[in-house]
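Me: I have a protein model open in front of me and would like to learn how to read it feature by feature. Could you take me through it slowly?

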Amino acid sequence: MTRRREVEVGRFGLEPAPGGLRLVQSLVNTSLSGHQGDPEQDLLAKPGTANEWLSRALAEWSAVTGQHVAARTVRRADLEALGAFREQLRQALRAHAAHIEAPALREPGAVSTFDIGVTFHADGQLGYGTSASGWQQVAGLATAELLLARAAGTLTRLKTCSAPECGACFYDGSPNRIRVWHNTQMCGNLPNLRASRARRSAT
């Protein structure tokens, strides 16, 4: 008898993105759009929960990428910047449903520079990472993974839910890359129903 493989799930019941991209997904999913700053829902609202998340996320990133990462912590002073970076990622990755008006993007802020290093090992393997600390360590590693995914052609599969109050980050494994909701029943039913009614009334 074939043993059924259990699908690994992350926060909000979502299957983790492949490889290092799950660090980006995990960062965005430290909150939903409607819970930013809520200590009960936002893992970056307090240093304690932020560092618990960071420890798990970096350990998982190291395990799936095979890259070494030095243990770091974030301080209270890091949380605002890390939260702002998270929301920039959420907006940049947002899936757009044709019948849902896209939210206005925030005005671009100052350009941030992140420390990303590349190492050539004696065995021919290529390593990458960052020597930065605090929120810039997280942002640097996430940026590196976005660049690698772009080069591999998988970046367009990492999306955030079109529901404005949700914004959960998911990996779209569909053949045509057409998913716009992290969960159609939870976030897509009402908008899709309204769109269907609008189409019928227009005919």
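Me: Does F12 count as buried, exposed or partly exposed?

Reply: Before the case itself, a word on the source: this is a predicted model, in which local features need pLDDT of at least 70 and side-chain atom pairs count only at pLDDT 80 or more, while totals for chains, interfaces and linings use all residues. Residues are numbered from 1 along each chain as its sequence is written, and side-chain values use heavy atoms, with hydrogens and water left out. As for the term, buried means under 20% relative accessible area, exposed means over 50%, and partly exposed is in between, with a 1.4 Å probe and protein chains only. F12 has a relative accessibility of 31%, so F12 counts as partly exposed. Its phi is near 65°, a positive value in a residue other than glycine, and F12 is placed in the segment before α1.

Me: Where does R177 lie, and what is its phi?

Reply: R177 is in the loop between β4 and α5 (184-202), and although R177 is not a glycine, its phi is positive, at about 55°. R177 counts as partly exposed, because its relative accessibility is 31%.

Me: You mention helices and strands by number; how many of each does the protein have?

Reply: Helices (H or I, at least four residues) and strands (E, at least two) are DSSP runs, numbered from the N terminus. The protein has five helices and four strands, and read from the N terminus their order is α-α-α-β-β-α-β-β-α. Of the 203 residues of the protein, 42% count as buried.

Me: What span is expected of helix α2, and what does it reach?

Reply: The expected span of a helix is 1.5 Å times one less than its number of residues. Helix α2 covers residues 47-65, which is 19 residues, and from its first C-alpha to its last it reaches 26 Å, close to the 27 Å expected. For α3, with 17 residues, the expected span is 24 Å and the end C-alpha atoms are 25 Å apart, which agrees.

Me: Which residues of α2 are buried, and which are exposed on the other side?

Reply: The buried residues of α2 are P47, A50, W53, L54, A57, L58, W61 and T65. They cover an arc of only 130° around the axis (taken from the directions from the helix axis to the C-beta atoms), which puts them on the same side of α2. On the other side of α2, R56 and A63 are exposed. Just after this helix comes G66, whose phi is positive, at about 75°.

Me: What do the buried residues of α2 pack against?

Reply: Contact means heavy atoms within 4.5 Å. The buried residues of α2 pack against α1 (21-28), α3 (76-92), β2 (126-129) and α4 (135-152). In α3, the buried residues include L79, L82, F85 and L89, and what covers the buried residues of α3 includes α1, α2, α4 and β3.

Me: Which residues far along the chain does L32 touch?

Reply: L32 is found in the loop between α1 and α2, and L32 counts as buried because its relative accessibility is 17%. Not counting residues up to four places away in sequence, L32 touches F12, R90, E165, C166 and A168. E165, for its part, lies in the loop between β3 (158-160) and β4 (169-171), and is exposed, with a relative accessible area of 54%. E165 and S33 are 132 residues apart in sequence, yet their C-alpha atoms are 5.2 Å apart in space.

Me: How much space lies in the second largest pocket?

Reply: Rolling a probe the size of a water molecule over the atoms shows where empty space is left. On a 1 Å grid over the protein atoms alone, a pocket is an open set of points where a 1.4 Å probe fits, with protein on both sides within 12 Å along at least five of seven lines, and lining residues have an atom within 4 Å of a point. About 310 Å³ of space lies in the second largest pocket. Of the 15 residues that line this pocket, the closest to its centre are G10, R11, S26, W53 and E60. The largest share of the lining, four residues, comes from α2.

How values were computed:
Points joined across faces, edges and corners; volume = space filled by probe spheres on them.
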